[in-house]
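Q: I would like a close look at one part of the model shown here, with the reasoning set out step by step. Please start from the cysteines and then go on to the side-chain contacts.

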Amino acid sequence: MSSVFSGLLTLDLSSFTFEPFREGVEIAHLHRSDSGDGPALALLRYHPGARVPLHEHTGLETICVLSGSQSDDAGTYKAGDVVINAAGSRHRVWSETGCVVLISWAAPVRIIEDEG
C-alpha cells in the first residue's frame with residue numbers, strides 16, 4: 001500500500017487532521033501500526049513555547065523541521081534541518097517560536113519526567 005502526502009513544502013496543512021498530543025503540541029498521524037507500538041510517521045505542530053518533557057527513544061527517530069525552529073538539549077534546528085535521534089538517546093524538546101516537523105519513529109518514546 002502506498003500513500004502520498006501533498007503540500008508539505010508549501011506548508012499547506014489543510015488536508016491534515018491534527019489532534020492533541022501534549023500541551024501545546026498537536027499531531028497529524030500519516031502512518032502508524034495497528035497496535036501503535038511500531039513504526040510511525042506524523043506531523044507535529046508546536047505552538048510557541050510548547051515543550052515535550054524528558055523522554056527516551058526506544059527506536060530510531062528522524063525529524064525534518066518544515067517551518068519555525070525546534071530545540072532540544074543539544075541545540076536549535078531550523079527549517080530544512082534533519083535531526084536523527086538514536087535508540088537509547090534522551091532529551092527534552094521545545095519550540096520558542098512554534099514549528100512544524102515531519103517525524104518518523106521506529107518505536108514510541110518512553111516519557112521519563114512528565115512535566116504535567
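How far does the sulfur of Cys64 lie from the closest cysteine sulfur, and which residue holds that sulfur?

A: The coordinates come from a predicted model, and everything below should be read with that in mind. The closest cysteine sulfur to that of Cys64 belongs to Cys99, and because the two atoms are 11 Å apart, they are too far from each other for a bond. The search from the other side gives a matching result, since the sulfur of Cys99 finds its closest cysteine sulfur in Cys64, again at 11 Å and again too far for a bond. The cut-off needed for this step is 2.5 Å between the sulfur atoms, and the structure accordingly holds 0 disulfides. The surroundings of the two residues can be set side by side: Cys64 is partly exposed, with a relative accessible area of 25%, whereas Cys99 is buried, with a value of 3%.

The charged side chains are the next topic. The count of salt bridges comes to 6, among them one between Arg90 and Glu56, with an N to O distance of 3.7 Å. This contact links distant parts of the chain, as Arg90 belongs to strand S8 (residues 90-95) and Glu56 to strand S4 (residues 50-57), with their positions 34 residues apart in the numbering. Arg90 counts as partly exposed at 48% relative accessibility, while its partner Glu56, at 17%, counts as buried.

Glu56 also meets the side chain of Arg110 in a salt bridge, here with an N to O distance of 2.6 Å. Arg110 lies in strand S10 (residues 109-111) and Glu56 in strand S4, so this pair ties together parts of the chain that are 54 residues apart in sequence. Like Arg90, which is partly exposed, Arg110 falls into the partly exposed class, with a relative accessible area of 41%.

Another of the salt bridges joins Asp81 and Lys78, whose closest N and O atoms are 3.9 Å apart. In this pair Asp81 is partly exposed at 21% relative accessibility, and Lys78 is exposed at 53%. To return to the bridges described before it, shared partners join Glu56, Arg90 and Arg110 into one network.

Aromatic side chains complete the picture. A search of the whole structure finds 1 aromatic pair. Its members are Phe5 and Phe16, whose ring centres are 6.4 Å apart and whose planes meet at 35°, so the pair is classed as tilted. Both Phe5 and Phe16 lie in the segment before strand S1 (19-22), and the pair, with its members 11 residues apart, is one that links distant parts of the chain. Phe5 is partly exposed at 32% relative accessibility, whereas Phe16 is buried at 12%. A further contact brings charge and ring together: the charged end of Arg45 sits over the ring of Phe18, 3.8 Å from the centre of that ring.

How values were computed. Residues are numbered from 1 along each chain as its sequence is written. This is a predicted model: local features need pLDDT of at least 70, side-chain atom pairs count only at pLDDT 80 or more; totals for chains, interfaces and linings use all residues. Side-chain values use heavy atoms; hydrogens and water are left out. Buried means under 20% relative accessible area, exposed over 50%, partly exposed in between (1.4 Å probe, protein chains only). A salt bridge is a side-chain nitrogen of Lys or Arg within 4 Å of a carboxyl oxygen of Asp or Glu. Helices (H or I, at least four residues) and strands (E, at least two) are DSSP runs, numbered from the N terminus. Rings of Phe, Tyr and Trp (its six-membered ring) pair if their centres lie within 6.5 Å; planes under 30 degrees apart count as stacked, over 60 as edge-to-face and the rest as tilted. A charge sits over a ring if NZ of Lys or CZ of Arg is within 6 Å of the ring centre and within 35 degrees of the ring normal.
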